[in-house]
Amino acid sequence: MYMKALLMKFVMITAVLWVVLSLIYDVSFTDVLITSVVLTVVGYVGDVFILPKIGNVWAGISDFVIAYAVIYLLGSNIYEQPIALGTASFISALILMVGEFWLHRYMHV
């Protein structure tokens, strides 16, 4: 179950970041993959250890904060072209938060 949830999380994050960062903001797919891997690992650790203790709503909110921070921090360090990083991070994190609610329901927490 954990491997399936991890794979689902990675695919969801990569798809969202590809659409928002690559297609809208022209970030390279390599940078999107790096961001997706880091965000998947950090978010998954949160899902395994934090989600059972705080519930779906608070976990979703924390997923938003984590996604925004990771995308913004990585973006400011590895994205080569200048983009509206705050806006790109906000849009990505918002979409990911909605997806995370569904993933958390799948994980039965």
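**Helix α1 against α2**

I began with the crossing of α1 and α2, and it is right-handed (the near helix is turned clockwise from the far one; less than a right angle anticlockwise would be left-handed). The model is predicted: local features need pLDDT of at least 70 and side-chain atom pairs 80 or more, while totals for chains, interfaces and linings use all residues. Residues are numbered from 1 along each chain as its sequence is written, and side-chain values use heavy atoms, without hydrogens or water.

I then took the geometry of this pair. The axes of α1 (residues 2-24) and α2 come within 8 Å and cross at roughly 140 degrees (lines fitted to C-alpha atoms over the stretch in contact, angles 0 to 180 degrees between N-to-C directions). α1 is therefore oblique to α2 (under 35 degrees is roughly parallel, over 145 roughly antiparallel, 65 to 115 roughly perpendicular, the rest oblique). The helices are DSSP runs of H or I, at least four residues, numbered from the N terminus.

I picked one residue of α1 and looked across. Leu 7 lies in helix α1. Leu 7 is exposed, at a relative accessible area of 54% (buried is under 20%, exposed over 50%, partly exposed in between; 1.4 Å probe, protein chains only). From Leu 7 to Thr 40 I get 8.9 Å between C-alpha atoms, with their positions 33 residues apart along the chain.

**The loop after α1**

I checked the backbone at Asp 26. Asp 26 sits in the loop between α1 and α2. Its phi is near 60 degrees, a positive value in a residue other than glycine. Asp 26 counts as exposed because its relative accessibility is 60%.

**Helix α2 against α4**

I turned to the next pair. The axes of α2 and α4 are 10 Å apart, and the helices pack at an angle of about 150 degrees. That angle makes α2 roughly antiparallel to α4. The crossing of α2 and α4 is right-handed.

**A nonpolar surface patch**

I searched the surface for patches (residues over 30% relative accessible area, with no salt bridge; nonpolar side chains, namely Val, Leu, Ile, Met, Phe, Trp and Tyr, joined within 5 Å, like charges within 9 Å). One nonpolar patch holds Val 37, Val 41, Val 45, Phe 49, Ile 50, Ile 54, Val 57, Trp 58, Ile 61 and Val 65. Together these residues have about 920 Å² of accessible area (Shrake-Rupley, 1.4 Å probe, only the protein chains shown as cover). I asked which helices supply at least two residues each, and found α2 (29-49) and α4 (56-78).

Ile 50 of the patch is in the loop between α2 and α3 (51-54). Ile 50 counts as partly exposed because its relative accessible area is 38%.

**The salt bridge**

I counted salt bridges (a Lys or Arg side-chain nitrogen within 4 Å of an Asp or Glu carboxyl oxygen). The count is one. Its partners are the side chains of Lys 9 and Glu 100, at 2.5 Å from N to O. The pair links distant parts of the chain, with Lys 9 in helix α1 and Glu 100 in helix α5, 91 residues apart.

Next I asked whether each partner is buried or exposed. Lys 9 counts as buried, at 1% relative accessibility. Glu 100 is buried too, with a relative accessible area of 4%.

**Other looks at α5**

I took two further residues of this helix. Ile 91 lies in helix α5 and counts as partly exposed at 31% relative accessibility. The C-alpha atoms of Ile 91 and Leu 17 are separated by 9.6 Å, with the residues 74 apart along the chain.

Val 98 is also found in α5. Val 98 is partly exposed, since its relative accessibility is 44%. Asp 63 is 35 residues from Val 98 in sequence, and their C-alpha atoms are 9.6 Å apart.

**Tyr 79**

Last, I went to the loop between α4 and α5 (85-106), where Tyr 79 is found. Tyr 79 is buried, since its relative accessible area is 8%. I checked Tyr 79 against Leu 103: they are 24 residues apart in sequence and 28 Å apart, C-alpha to C-alpha.
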